[in-house]
Amino acid sequence: MGRGVSADLLSLTSSKHGHFRLESGHHSSLWLDLEGLFVQPAPLRPLVTRLARALRPHKVAGVCGPLVGGAFLAQLLATALKVEFFFTERVLSGEGEGLYQAQYHLSRASRSRVRDMRLAIVDDAISAGSAVRATYAEVQGHGAEPVVIGALLVLGTAASPYFAERGVPIEVVSRVPFDLWVPAECPLCASGQALTDP
């Protein structure tokens, strides 16, 4: 999508610069605070409509998103697409060593409902894709068929290979460049800059 869409989306967030450890375990120099994204839904409506249009050809029966922002987006998209809504909740923080340690689980009541269902997995913003990867594994583990990933904003390209290997497309409203490093290759670590608590 155009640069204007990226600017519109980014204007609805606040950003911090520093040295951050993301949920995936990767390091970055940018932290986006997405808390305010859903406070005023009106500016998001055209972006949600655009994403719903992109998801429609995938013929999903449900939309699932990780709490918090992904779940809010999933609910808006499920309403737009007239399909079922699901969410996952983080149960393991991803603070351990290694990449992609976070785990997200469906509620007990939702586990049987997703069986054999074509699902879209969505998040407000995806960088490394830790939350959508964990949600993908969770719903697939309960018999769902995740057929598409959706996001308002994709930061960089780190999440793409994982889903490309599985034949799952990513539909996105806007993409922006994003610096992301594994800890061993982080230039901020190499320069001795301490991690920043966002």
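The following is a conversation about salt bridges, strands and nonpolar cores in a predicted model.

Modeller: Since this is a predicted model, local features need pLDDT of at least 70 and side-chain atom pairs count only at pLDDT 80 or more, while totals for chains, interfaces and linings use all residues. Residues are numbered from 1 along each chain as its sequence is written, and side-chain values use heavy atoms, with hydrogens and water left out.

Colleague: Why is the contact of Arg113 with Glu84 called a salt bridge?

Modeller: The term asks for a side-chain nitrogen of Lys or Arg within 4 Å of a carboxyl oxygen of Asp or Glu, and the closest N and O atoms of Arg113 and Glu84 are 2.6 Å apart, so the pair qualifies. Arg113 lies in helix H4 (residues 108-113) and Glu84 in strand E4 (residues 84-92), 29 residues apart, so that the pair links distant parts of the chain; helices (H or I, at least four residues) and strands (E, at least two) are DSSP runs, numbered from the N terminus.

Colleague: What makes Glu165 exposed, and Arg166 partly exposed?

Modeller: Exposed means over 50% relative accessible area, buried under 20%, and partly exposed in between, with a 1.4 Å probe and protein chains only. Glu165 has 65% relative accessibility and therefore counts as exposed, whereas Arg166, at 38%, is partly exposed. The side chains of these two residues, Glu165 and Arg166, meet in a salt bridge at 3.5 Å, N to O.

Colleague: How do you know that strands E1 and E2 pair?

Modeller: Two strands pair if DSSP finds at least two bridges between them, and E1 (residues 14-21) and E2 (residues 27-33) have six bridges, in the antiparallel sense. The bridge partner of Ser14 in E2 is Asp33, and in the hairpin of E1 and E2, with five residues between the strands, Gly25 takes a positive phi near 100°.

Colleague: What makes a set of residues a nonpolar core?

Modeller: The members must be buried Ala, Val, Leu, Ile, Met, Phe, Trp, Tyr and Cys residues joined through side-chain atoms within 4.5 Å. The largest such core here has 31 residues, and Leu73 and Val122 are among those with the most contacts inside it. Apart from this core lies another, of 21 residues, including Cys64 and Tyr136.

Colleague: Which residues are in contact with Leu73, leaving aside its neighbours within four places in sequence?

Modeller: With contact meaning heavy atoms within 4.5 Å, the partners of Leu73 beyond those neighbours are Phe38, Val48, Leu51, Val122, Asp123, Asp124 and Leu152.
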